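Visitor: I would like a close look at a single part of this structure, please. Could you take me to the metal site and then walk outward from there?

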Amino acid sequence: MKSRLLLRPFLAALSVISLTGAISAAELTLYTQRHYEFDEKLHQLFTERTGIKVVVVKAAAEELMTRLQSEGDRTPADLFLTADGAGLARAKQAGLLQPLPDPAIAAKVEPHLKDEAHHWVGLTMRARVIYYSPDRVKAGELSTYEALAEPQWRARVVARSSSNAYNQSLLASLIAANGPEKAQAWATAVRANMARPPQGSDRDQIRAVASGLADVALANTYYLGLLATSEDAKDREAAAKVKVFYPNQDGRGTHINISGAGIVKASKKAEQASQFLAFLLSDEVQGMIAENTFEYPVTKTAKRSELQQSWGEFKADALPFSTLGEKNAEAVRLFDASGWE
Ligand SMILES: [Fe+2]
């Protein structure tokens, strides 16, 4: 009698084990360059909804691509995510990605934010803008990225190192627009205009303008949202002291970039991987991203957050990410030659 009573909970426990065993068998492995805390919450939500566990391997895009190449068919990776469209274009070029099994999931994504053969799709968008101090700079003094090379900005500019993909894609866009010679001259002159040698993160450039160390900075839009909503009061104060300027509005438009993903060629889970991308592209999740990481939505149907709307509308440079990918090596070379560390 006693033993039979004990057996029942034991059997119940067994069935729970087999159930969770079945759930954890369905998992997706992401090789990702993204570094935002909010991503973990999105992964948890995806797991709650689908039962598919998300395993994350975080590293620099270069390192992840090298890994994908050396692992070949034995790679555990199902998805490759970057915070730079040029990296996705290069991964496609290297034959590391497969087309989406169902291109319809990317139908809502703006055409210039996805690969035409659906080897990758943008998930979030960002603009690389000029931040300025309204106390020391009038918006009317600002115009283009090119104009930051002028002598009036001597010792007033800050930017991070040229080893950063965001800066490399910006320089690639200047090579595409103006040719390599002018692009190199631009990098040399902007480096000469810096208030300090390139260092720190995008956030540190915004902080430098807020503290008075510099008057203008190059950095991505969402970092202002992250500072403005930070738990650190100093960061909230810094965010309040700078303004966003969208360069090149009278010409080709402001340089934008995407964070996006492609399904790894060797993955046998293309269907689940596609389900994950469809989840990230839903209006619900695109809206959550706009409110939490402050990256812009990539779909025509999702709304920008109020904070994003307060930064104003802008025209984006429509240069294809494949061109940024093709010009990446040249951008790295020109940065080296320019002395921008
Ligand atoms: Fe970033």
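Guide: Happily; what follows starts at the metal and moves out through the aromatic residues to a cavity and two loops. Please keep in mind that this is a predicted model.

Let us begin at the iron ion. Four tyrosines serve as its protein donors, each through its OH atom: Tyr-36, Tyr-166, Tyr-222 and Tyr-223, at 2.0 to 2.7 Å from the ion. Along the chain, these donors follow the spacing Y-x129-Y-x55-Y-Y. One pair shows how the site links distant parts of the chain: Tyr-166 belongs to helix H5 (residues 165–178) and Tyr-223 to helix H8 (residues 222–228), 57 residues apart. Tyr-166 and Tyr-223 are both buried.

As for geometry, the angles among the four donor atoms run from 79 to 137 degrees, and the site is irregular. A tetrahedral label would need all angles to lie between 85 and 135 degrees, so the range of 79 to 137 degrees rules that label out.

Now look at the rings themselves. The structure has ten aromatic pairs. One of them joins two of the iron donors: the ring centres of Tyr-36 and Tyr-222 are 5.7 Å apart and the planes meet at 90 degrees, so this is an edge-to-face pair. Tyr-36 sits in the loop between strand S1 (27–32) and helix H2 (37–50), while Tyr-222 is in helix H8, 186 residues apart, and the pair thus links distant parts of the chain. Tyr-36 has a relative accessible area of 6% and Tyr-222 one of 0%, so with the limit for buried set at under 20%, Tyr-36 and Tyr-222 are both buried.

Helix H2 leads us to another contact. Phe-46 and Phe-276 have ring centres 5.0 Å apart and planes at 80 degrees, so they too pair edge-to-face. Because Phe-46 lies in helix H2 and Phe-276 in helix H10 (residues 270–280), this pair ties together parts that are 230 residues apart in sequence. Both phenylalanines, Phe-46 and Phe-276, are buried.

Phe-276 also brings us to a cavity. The structure holds two cavities of 30 Å³ or more, and the largest has a volume of about 100 Å³. Its lining includes Phe-276 and Leu-280, along with Asp-39, Leu-42 and His-43. Helix H2 gives the most to this lining, with three residues; H2, strand S5 (121–132) and H10 each supply at least two.

Elsewhere, Tyr-246, Tyr-296, Trp-311 and Phe-314 form one aromatic cluster. Tyr-296 has a further partner, since the charged end of Arg-304 sits over its ring, 4.3 Å from the centre. Arg-67 is placed in a similar way over the ring of Tyr-31, with its charged end 5.2 Å from the ring centre.

Let us end with the backbone. Most residues other than glycine have a negative phi. Phe-294, however, has a positive phi, near 65 degrees. Phe-294 is in the loop between helix H11 (283–292) and helix H12 (306–310), and its relative accessible area of 5% makes it buried. Ala-155 likewise has a positive phi, near 60 degrees, and lies in the loop between S5 and strand S6 (157–158). At 48% relative accessibility, Ala-155 is partly exposed.

Conventions
Residues are numbered from 1 along each chain as its sequence is written. This is a predicted model: local features need pLDDT of at least 70, side-chain atom pairs count only at pLDDT 80 or more; totals for chains, interfaces and linings use all residues. Side-chain values use heavy atoms; hydrogens and water are left out. Donors are N, O and S atoms within 2.8 Å of the metal (3.2 Å for Na, K and Ca); water is not among the atoms, so sites may look incomplete. Four donors count as tetrahedral if all angles lie between 85 and 135 degrees; four count as square planar and six as octahedral if opposite donors are over 155 degrees apart and all others between 65 and 115; anything else is irregular. Helices (H or I, at least four residues) and strands (E, at least two) are DSSP runs, numbered from the N terminus. Buried means under 20% relative accessible area, exposed over 50%, partly exposed in between (1.4 Å probe, protein chains only). Rings of Phe, Tyr and Trp (its six-membered ring) pair if their centres lie within 6.5 Å; planes under 30 degrees apart count as stacked, over 60 as edge-to-face and the rest as tilted. A charge sits over a ring if NZ of Lys or CZ of Arg is within 6 Å of the ring centre and within 35 degrees of the ring normal. On a 1 Å grid over the protein atoms alone, a cavity is a set of points where a 1.4 Å probe fits but cannot get out, and a pocket is an open set with protein on both sides within 12 Å along at least five of seven lines; lining residues have an atom within 4 Å of a point. Grid points are joined across faces, edges and corners, and a volume is the space filled by probe spheres set on the points.
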